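Work through the exercises below with the sequence and the 3D structure open. Each task is followed by a solution in steps.

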Amino acid sequence: MARALPPHTWENGFKKPIEASATPWVWKNDEKDDDPDSYVTPPSKELLTSTAHNHVGINVIRTWPTLFDGTNNPHGTPDWWKPADEVDVLIVGAGPSGLEVALSLARQGVSFRIIDKAPTPLIAGRADGVQPRFLETVATWGLASEIAEEGPLIERTAIYLDGKKLLFNRSHQCDSRYRGLHIITQGQIERIFIRDLARHKSLVERERILSRYTVEDQGEYPVTATVKNERTGQEKVVRAKYLVGSDGAASTIRKSLSIPFDGVSTDIYWGIMDCVFETDYPHAWVFGSVISSKHGGCVIIPREDGYIRLYTQLDVSQTGPIAAARQQSDASFAEAGGRVEIETVTPEEVLEQANRIFAPYKLKFAAPLSWFAIWKISERVARSYSSPDNRVHLVGDAAHVHSVMGAFGLNASILDAANLAWKLGLAAKNLADPDVLLPTYSLERREHAVRVIEVSGTYLRFVTGSAMPVPNLRDFDVLEATPKTNGHQTNGHDTNGTNGHRNDTNGSTSKQVHIHVESTSESADSPPRTQEDALNFLGKFFQAHGQFLLGVDCPYATSPIAPQTRSLLSSSPPVRLNNGVRAPNPRLCFSDNRTGYLYDLFEGPPKFHMVAFGSSFKGEQVRANMAKLSSSLSAKDGFWARYGGQERFTLTVVIKRMPFEAEDDALLAELKQKLGAKVVFDDRQPDEDAHTTYGADHTKGGVVVVRPDLWVGVTAFPDEVEEKIGGYFNGFLVPV
C-alpha cells in the first residue's frame with residue numbers, strides 16, 4: 001500500500017469512507033467487569049514512508065509492531081516461539097528471498113531460524129510487481145490470491161518517444177492463469193510472508209547480524225554461527241546444517257566465500273518517486289515509458305489508490321540540467337566544482353527532469369510522496385551461488401543485481417528460493433544425496449540471472465539512450481572459476497577472513513577470469529531514436545523475450561534433475577515437452593461440480609508430482625500401459641515404495657472422459673486405492689485441452705515428472721516408469 005488506510009464502514013454492506021478522525025478498527029473492552037482475556041486492539045504506529053518530502057506534505061503508513069516486528073515486539077515474544085540452538089537451516093536476511101526460503105522450509109517440516117539486521121519489515125518502496133511465475137510458485141504455498149488481489153493488473157503498455165505515441169497496445173499476456181504483471185509493494189509482500197511464518201510458529205529475529213561463522217567438514221551440524229543482537233550486544237551460537245545468505249547486494253556472506261560479483265556499475269541513475277500526479281499525459285495510469293532523445297527516459301508503473309511509481313533518468317554531471325539549474329539559483333555552486341552529489345538531489349529536481357522528458361506534457365505533485373529514492377544501476381552476478389562444499393548458498397540480491405526494467409529483482413528471488421529450498425529440505429532430512437542435488441542450484445539459477453542481465457540491460461539502454469555495452473557474463477566455466485576449499489576450520493575468522501571457507505592452495509587454483517563487456521546482438525552502440533527504428537527494436541525485443549519477462553520462459557540446463565530430453569526425431573515421444581522447462585498448467589475438470597488448474601492438485605514442496613496422461617482410457621495399448629504403470633508403482637521393490645510412496649510423490653491421472661464415465665472403471669479404482677491417485681478429466685476441446693498442451697501420446701499415453709518447484713524433471717511412457725523415472729530418482733534420492 002502507498003499510505004495509511006483511511007477509515008471506512010461496511011454498515012450498509014459495502015465499503016464507504018467515513019470521517020478521518022474515526023478509528024473503527026480500535027476495539028476496547030469498556031465493561032466494568034473487564035475480561036482480561038477479551039480482545040483489545042494493540043497500539044499501532046504511524047511510520048514515515050519517505051526520507052524526502054514535497055510541498056504537499058508527509059506520508060505515513062500505519063502498522064502494528066506486535067504483529068510484524070518479530071523479536072522486536074515491545075510486549076515480548078509469544079510463548080509458542082521456542083528457537084532451537086541447532087537447526088537444519090540458518091537464514092541470514094529477512095527480505096523477500098530469505099522469507100521465501102523460510103516459507104518453503106516451514107511447509108517441509110524443516111527446522112530453521114531467520115535473522116535480519118533491520119528493526120522492522122520494509123516500510124515502503126523497492127520492488128513493486130510480481131510476474132505470473134511468482135504467483136504460480138506462491139500458489140503452491142497457498143498465498144497467491146492474497147498477493148494477486150492487492151493492486152492493479154498490468155496488461156497494457158504505452159510508450160512515447162519525443163512527445164509522440166510510439167506504442168499503445170495489449171501486453172503482458174501469457175498462458176498462466178495470472179496472465180500479466182500484478183502490482184504489490186515489497187513491504188506488503190514481506191508482511192504477507194511474516195504473517196504466514198507466524199502461523200507456522202516462526203518469528204524473524206530482528207536487529208540480529210551474523211558476526212562470524214565456521215564450517216567444518218564433518219558432524220551433523222557443521223555450520224557454527226555466532227548471531228549478535230545489535231541492540232543489546234549479546235551473542236549466541238547457532239549450529240546448522242546449511243547457511244543461506246539472503247543479505248543483499250553487499251552480502252557479507254558472499255564476500256566471506258571470496259565469490260566474485262562479476263559485472264559492471266553503470267552511469268545510469270534513477271530518481272524514483274511514488275506519488276499521485278496531476279498531469280495531462282494521456283496514459284499516466286498505464287504501464288510504460290516516456291522517452292526523450294535529449295533528456296533520457298521515464299518509466300511509469302501504476303500503483304494502488306491512484307498512485308504511480310515514476311522512474312526518472314537523471315543526469316548528475318557538471319553539464320547536466322540539474323547542475324545548470326543549481327548554478328542559476330546559486331552562484332556559488334560552480335565555485336564548489338559544479339558536481340551534483342547524488343544524495344543532495346531533491347524531489348523537486350527529479351520532477352523538473354521528468355517534465356523535460358515528458359514535454360510537451362506536464363506533471364505536478366498531487367499528494368505527499370509515498371517513497372523517494374535515488375538509485376544507481378549495477379549489473380552483477382555472483383560467479384557461483386554456493387560454496388564448494390554446498391553448505392552455504394546465496395539467494396536474491398546477494399547473488400545478482402540488475403536493472404529495474406522487467407521487475408526481475410523480486411521475481412528472480414522467488415525462483416531462487418523455490419529452487420533452493422526443496423533441495424535443502426531433502427538434503428537436510430537425508431532424503432537426497434547433497435553432492436548430486438545441491439550443485440544443481442547454482443547451475444540452474446545463475447544462468448537465469450545472466451539472461452536477466454542481458455534482457456533487462458538491453459531494454460534499459462533503449463529507454464535511457466545509453467551506449468554502454470551490456471556485460472557478457474557467460475564466457476567462463478563457473479565451476480572452474482569458483483574458489484576451492486578444503487573445508488577444515490575451527491572457530492572465528494580464518495587468516496583469509498573467509499569465515500571457515502579457504503582457498504585450497506594444495507594444487508587446485510582458481511581460474512583467472514576476464515569479464516567481457518561487449519554489445520549483445522540487440523544492444524547497438526547507439527540505441528534507436530527514430531520512430532521506425534524504435535518500433536522495429538520493440539517488435540524484435542518482445543517477440544524474443546516477452547515470455548521471459550513474465551517468468552514462464554525459463555529453461556534450465558541439463559543436470560541430474562533435468563536430464564537430456566530424448567530426441568523428437570528418433571521416435572514418437574511420450575509427450576512433446578522438454579525436460580527442464582516450466583510445467584504447463586492447463587485447465588481441467590476435477591468432478592461434475594468443480595474445475596480448476598493442474599497445479600491446484602499439487603501439494604507443494606517437497607513432493608514430486610507424476611502426471612499420467614491416459615487419453616480415452618479405452619484404447620487397448622494405452623490401457624495396457626496404464627495397467628503396467630499401476631503394477632510398477634505398486635511393486636514393493638519399485639522406486640515409488642523405495643523413496644517414500646505418497647510421502648514423496650503425488651500421482652495425477654488425466655483422461656479424456658467425463659466424470660460419470662469413469663465411475664465404474666476398475667483400473668482407475670486400483671490407481672486411486674493403491675497409489676492415492678487423483679483422477680481428473682480433460683473435457684476441453686482438442687485445441688486447448690491438457691493432452692494437447694503437453695503433447696501427450698494418445699496411443700501409448702505419457703508420464704511427466706514435475707519437480708517441487710514446478711519444472712519438468714523427466715518424461716516417460718507409462719510402461720517404462722521403473723526404467724526411466726525410477727532411474728531418474730535413483731540418481732539423487734536416498735531410500736527411506
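**Exercise 1: the eight-stranded sheet**

In this predicted model, an open sheet of eight strands runs in the order 10-9-18-19-20-16-22-24, and its pairing is mixed. Task: find which strands stand at the edges, and describe how strand 22 and strand 24 pair.

Solution.
1. Strand 10 (164–170) and strand 24 (400–401) each have a single partner strand, so one side of each has no neighbour in the sheet; these are the edges.
2. Strand 24 pairs with strand 22 (residues 371–382) in the antiparallel sense, over two bridges.
3. Within this pair, Val381 stands opposite His400 of strand 24.
4. Helix 11 (residues 439–464) packs on the sheet and touches several of its strands, including strand 9 (156–161), strand 10, strand 22 and strand 24. The direction of helix 11 makes about 130° with that of strand 22.

**Exercise 2: Asn579**

Task: locate Asn579 and decide whether Asn579 is buried or exposed.

Solution.
1. Asn579 lies in the loop between helix 13 (531–545) and strand 27 (587–591).
2. Its relative accessibility is 10%. Buried means under 20%, so Asn579 counts as buried.
3. Leaving out residues up to four places away in sequence, Asn579 touches Ala562, Pro563, Gln564, Thr565, Val712, Gly713, Val714 and Thr715.

**Exercise 3: an annotated span**

Task: describe the span that UniProt annotates as "domain: Phenol hydroxylase-like C-terminal dimerisation".

Solution.
1. The annotation, from an unreviewed entry, covers residues 589–735.
2. In the model, this span is 30% helix and 23% strand.
3. The end C-alpha atoms of residues 589–735 lie 35 Å apart.

Conventions. Residues are numbered from 1 along each chain as its sequence is written. This is a predicted model: local features need pLDDT of at least 70, side-chain atom pairs count only at pLDDT 80 or more; totals for chains, interfaces and linings use all residues. Side-chain values use heavy atoms; hydrogens and water are left out. Helices (H or I, at least four residues) and strands (E, at least two) are DSSP runs, numbered from the N terminus. Buried means under 20% relative accessible area, exposed over 50%, partly exposed in between (1.4 Å probe, protein chains only). Contact means heavy atoms within 4.5 Å. Two strands pair if DSSP finds at least two bridges between them. Axes are lines fitted to C-alpha atoms, for helices over the stretch in contact, and angles run from 0 to 180 degrees between N-to-C directions. UniProt positions are given in the numbering used here, feature names are shortened, and annotations may be inferred rather than shown by experiment.
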